[in-house]
Amino acid sequence: MEQRIETQNIEGRKDVIVINRRSFFGGLMAVGSLGMGALLSVPVLRYVLYPLYAKASGMGWSDVGPVSEFASSTEPVRKTITFAQRDGWREVVSAQSVYVNRTGDGTFEVISAICPHLGCSVSWQKGQDEFVCPCHGGRFAPDGKHLAGPPPRGMDQLPTRVSNGKLQVHFEFFRSNVPNQEKLS
Ligand code: FES
């Protein structure tokens, strides 16, 4: 069975369109294929565009060391921690230095070794009983409080927890040279 449709084009000529069962199902198949193609392209597009909309994910918890290692410390202990950051498709593993202080009540504080002035690495000076930054002479107390020099705030304290007997830290980066701690995401 077929159906004929007559149309007139702009030159006045008559066109006849014949629709039979075969061409009807052919059209239906074409529409179906287009729909299926569009559906299948969604995950591919999401994969390709992922870095554009995915935020760089932050760091998780990093092991600092067994709690017993710091239980009898009387001054800041320097440790290197590692953490992974996901940026788009890439996973970047970074290492950073932190200092561990045992507090009076038996808990621990962990402070970043990154100088809050312009980001140099601060080191503990045993004889002076204070932290000193080699870049511009910033000085800090054992708990990280600012004592002297250009840094506008004390050393940055980091979130900690104890898990299965291990001290862990959640490393974060903060904006340099501002008076208050401002987290960088
Ligand atoms: S970077 Fe530390 S005092 Fe300037």
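In what order do the four strands of the open sheet with antiparallel pairing lie? The order is E4-E5-E6-E11, where strands (E, at least two residues) and helices (H or I, at least four residues) are DSSP runs numbered from the N terminus. Two strands are taken to pair if DSSP finds at least two bridges between them. The model is predicted: local features need pLDDT of at least 70, side-chain atom pairs count only at pLDDT 80 or more, and totals for chains, interfaces and linings use all residues. Residue numbers start from 1 along each chain as its sequence is written.

The protein chain contains one helix and 15 strands. Of its 185 residues, 16% are buried; a residue is buried if 20 or more other C-beta atoms lie within 10 Å of its own, exposed if 12 or fewer, and partly exposed in between, with C-beta atoms placed from the backbone. Contacts are defined by C-beta atoms, placed from the backbone, that lie within 7 Å. Among contacts in the protein chain with a separation of 6 or more, 44% involve residues 24 or more positions apart.

In the four-stranded sheet, strand E4 (77-87) and E11 are the edge strands, each pairing on one side only. Strand E5 (90-102) and strand E6 (108-112) are joined in the antiparallel sense by five bridges. Within this pair, valine 100 stands opposite valine 110 in E6, and tyrosine 99 has isoleucine 111 in E6 as its bridge partner. The two strands form a hairpin with five residues between them, and glycine 106 in the turn has a positive phi of about 85 degrees. E6 also pairs with strand E11 (residues 157-158), in the antiparallel sense over two bridges. Isoleucine 111 takes part here too, with glutamine 157 in E11 as its bridge partner.

A second open sheet has three strands in the order E3-E13-E12, with antiparallel pairing. Its edge strands are strand E3 (61-66) and strand E12 (160-163), each of which pairs on one side only. Direction ignored, neighbouring strands of this sheet are turned by 35 degrees against each other on average; axes are lines fitted to C-alpha atoms, for helices over the stretch in contact, and angles run from 0 to 180 degrees between N-to-C directions. Five bridges connect E3 with strand E13 (residues 166-170), the two running antiparallel. One of the residues concerned is glycine 65, whose bridge partner in E13 is leucine 167. On E12, four bridges lead to E13, again with antiparallel strands, and arginine 161 has glutamine 168 in E13 as its bridge partner.

E12 and E13 form a hairpin with two residues between them. Asparagine 164, in the turn of this hairpin, has a positive phi of about 50 degrees, although it is not a glycine. Most residues other than glycine have a negative phi. Asparagine 164 is exposed, with 8 other C-beta atoms within 10 Å. A positive phi in a residue other than glycine also occurs at aspartate 129, where the value is near 60 degrees. Aspartate 129 lies in the loop between strand E7 (123-125) and strand E8 (130-132), and is exposed, with 11 other C-beta atoms within 10 Å.

The largest nonpolar core, a set of buried Ala, Val, Leu, Ile, Met, Phe, Trp, Tyr and Cys residues joined through C-beta atoms within 7 Å, has 19 residues. Those with the most contacts inside it are Val64, Val98, Val110, Val122 and Val169. The elements that give two or more residues to this core are E5, E6 and E13, and E5 gives the most, with three residues. In soluble globular proteins, nonpolar side chains tend to be buried together.

Valine 122 touches Ala113, Cys115, Phe131, Cys133, Phe140 and Met155, not counting residues up to four places away in sequence. The C-alpha atom of valine 122 is separated by 8.8 Å from that of arginine 139, 17 residues apart along the chain. Arginine 139 is found in strand E9 (residues 139-140) and is partly exposed, with 16 other C-beta atoms within 10 Å. Leaving aside neighbours within four places in sequence, arginine 139 is in contact with Glu130, Phe131, Val132, Leu147, Ala148 and Gly149.

Technical notes: Contact = placed C-beta atoms within 7 Å.
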